[in-house]
Amino acid sequence: TRGFGLGVAQVGGIGPAEPRSSVVARLVDLMRRAKDKGASFVVFPELALTTFFPRYWQESTDAMDRYFERSMPSRETIALFECARDLRIGFSLGYAELTPEGRRHNTSVIVDEAGEIRGRYRKIHLPGHADRWEGAPFQHLEKRYFEVGDLGLGVFPAAGTRIGMCLCNDRRWPEVYRVLALQSAELVVLGYNTPTEVPGWREEPHAKMFTHLLSLQAGAYQNSVWVAAAGKSGTEDGQHLIGGSAIVAPSGEIVAKASTEGDELVYCDIDLDMAAPYRSGVFDFEAHRRPEEYTLITER
Ligand code: CDT
């Protein structure tokens with residue numbers, strides 16, 4: 001067995017006016033709680049530093065700049081990196097990235113226990129729309145405020161394991177886990193913001209939690225990986241986001257799950273070796289995959 005202390009930091013609602021300093025203090029507190037439990041790595045949500053701003057229409061995208069980070073770490077986020085270094089704990093963090101070239105991405109990074117960035121991902125499956133939906137109580141403007149990620153789906157050595165990243169809507173796409181598993185990821189970490197009501201997405205509210213967990217569980221099982229998903233949850237400026245932050249084993253079983261919709265630390269002592277019998281048996285990719293039969297997937 002290879003024991004690994006894994007924390008998932010669910011973050012409750014962040015109001016549009018909540019300052020970064022307050023959010024960072026909440027995240028530092030969750031990191032400390034993870035360390036107290038024995039975690040060597042903790043997963044934070046998508047866009048963990050701000051409210052889920054794609055719900056708002058703005059004529060000028062520049063008006064959204066206050067929700068973006070021009071550097072990581074920054075004066076406002078350095079406390080997270082210092083805490084990681086002091087506690088010797090790694091973390092993943094989602095945030096809105098504004099590059100020096102003026103490109104905007106929905107991004108996540110992996111930071112190691114020395115407080116150094118070891119990996120970066122820019123969201124590929126951007127959901128929602130780019131135009132204004134008149135009459136909708138909330139917009140879902142990820143296609144307006146972000147460009148499609150340009151870094152691919154990478155796997156990074158960190159915390160003594162191999163970690164792949166994706167973000168929110170990516171978790172619903174089977175190809176994502178497979179591409180990460182083919183690079184020998186042992187752990188897939190992701191953050192999410194899943195509103196109960198999304199314009200144009202006709203799914204019963206109760207099914208939102210089911211399809212969220214179903215996606216994590218199928219991804220974990222069919223690819224023999226651990227999956228850790230951290231949600232931003234609860235109510236933000238009148239919009240409800242589902243909870244259900246969870247850790248899923250390579251068997252597809254949920255081993256830990258949030259029970260609230262607020263700031264909550266979900267923890268499990270996992271065994272990274274649990275994937276081995278799956279990877280060398282039913283899901284021995286080298287022996288059993290038939291990629292020549294899957295070409296349609298990349299052709300269309
Ligand atoms: N943030 C994000 O990607 N949310 C989406 C909402 C659904 S859009 C159809 C999600 O997949 O949870």
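Here is a short tour of this structure, which is a predicted model.

**The whole chain**

Let's start with the broad picture. Counting its secondary structure, the chain has eight helices and 13 strands. Its radius of gyration is 18 Å, close to the 19 Å that the globule rule gives for 300 residues, so the chain is as compact as a globular protein of that length. If you draw a box along the principal axes, the C-alpha atoms fill roughly 55 × 50 × 40 Å. Of the 300 residues, 46% are buried. As for contacts with a separation of 6 or more, 71% of them link residues that sit 24 or more positions apart.

**Helix α5**

Now to a helix, α5, which covers residues 205-223. At 1.5 Å a residue, its 19 residues should span 27 Å, and the end C-alpha atoms are 28 Å apart, which agrees. The buried residues here are K208, H212, S215, L216, G219, A220, Y221 and N223. What lies over them? Their cover includes the helix α4 (174-181) and the strands β8 (187-192), β9 (226-236) and β11 (246-248). Just after α5 comes S224, with a positive phi of about 55 degrees.

**Helix α2**

Helix α2 (78-87) has L80, A84 and L87 among its residues, and these three are buried. They cover an arc of only 80 degrees around the axis, so they sit on the same side of α2. The buried residues of α2 pack against α1 (20-37), β3 (90-98) and β4 (104-111). Just after this helix, R88 takes a positive phi of about 60 degrees.

**The loop before α2**

The loop between β2 (41-43) and α2 is home to Y67. Is Y67 buried or exposed? It has 20 other C-beta atoms within 10 Å, so it counts as buried. Setting aside neighbours within four places in sequence, Y67 is in contact with T50, F53 and A96.

The loop between β2 and α2 also holds P73, and a cis peptide bond joins M72 to P73, with omega at about 0 degrees. L47 is found in that loop too. With 28 C-beta neighbours inside 10 Å, L47 counts as buried.

**Positive phi values**

L47 has a positive phi without being a glycine, and D237 does likewise. D237 sits in the loop between β9 and β10 (239-241). Its 15 C-beta neighbours inside 10 Å make D237 partly exposed. The table puts these phi values next to those of the residues that follow the two helices.

| Residue | Place | Phi |
|---|---|---|
| L47 | loop between β2 and α2 | near 45 degrees |
| R88 | just after α2 | about 60 degrees |
| S224 | just after α5 | about 55 degrees |
| D237 | loop between β9 and β10 | about 50 degrees |

**Around the ligand**

Which residues surround the ligand? They are E46, P127, G128, H140, C168, N169, R172, Y192, N193, T194, V198 and W201. Sorted by class, this shell has five nonpolar, five polar and two charged residues.

One of the residues around the ligand, W201, can be set against Y67 from the loop before α2. Along the chain, Y67 and W201 are 134 residues apart, and their C-alpha atoms are separated by 25 Å.

How values were computed: Residues numbered from 1 in each chain as written. Predicted model: local features only at pLDDT ≥ 70, side-chain atom pairs only at ≥ 80, totals over all residues. Helix = DSSP H or I, 4+ residues; strand = E, 2+ residues; numbered from the N terminus. Rg over C-alpha atoms; globule rule 2.2 N^0.38 Å. Buried ≥ 20, exposed ≤ 12 C-beta atoms within 10 Å, placed from the backbone. Contact = placed C-beta atoms within 7 Å. Expected span 1.5 Å × (residues − 1). Near = placed C-beta within 6 Å. Nonpolar A, V, L, I, M, F, W, Y, C, P; charged D, E, K, R; others polar. Arc of directions from axis to C-beta.
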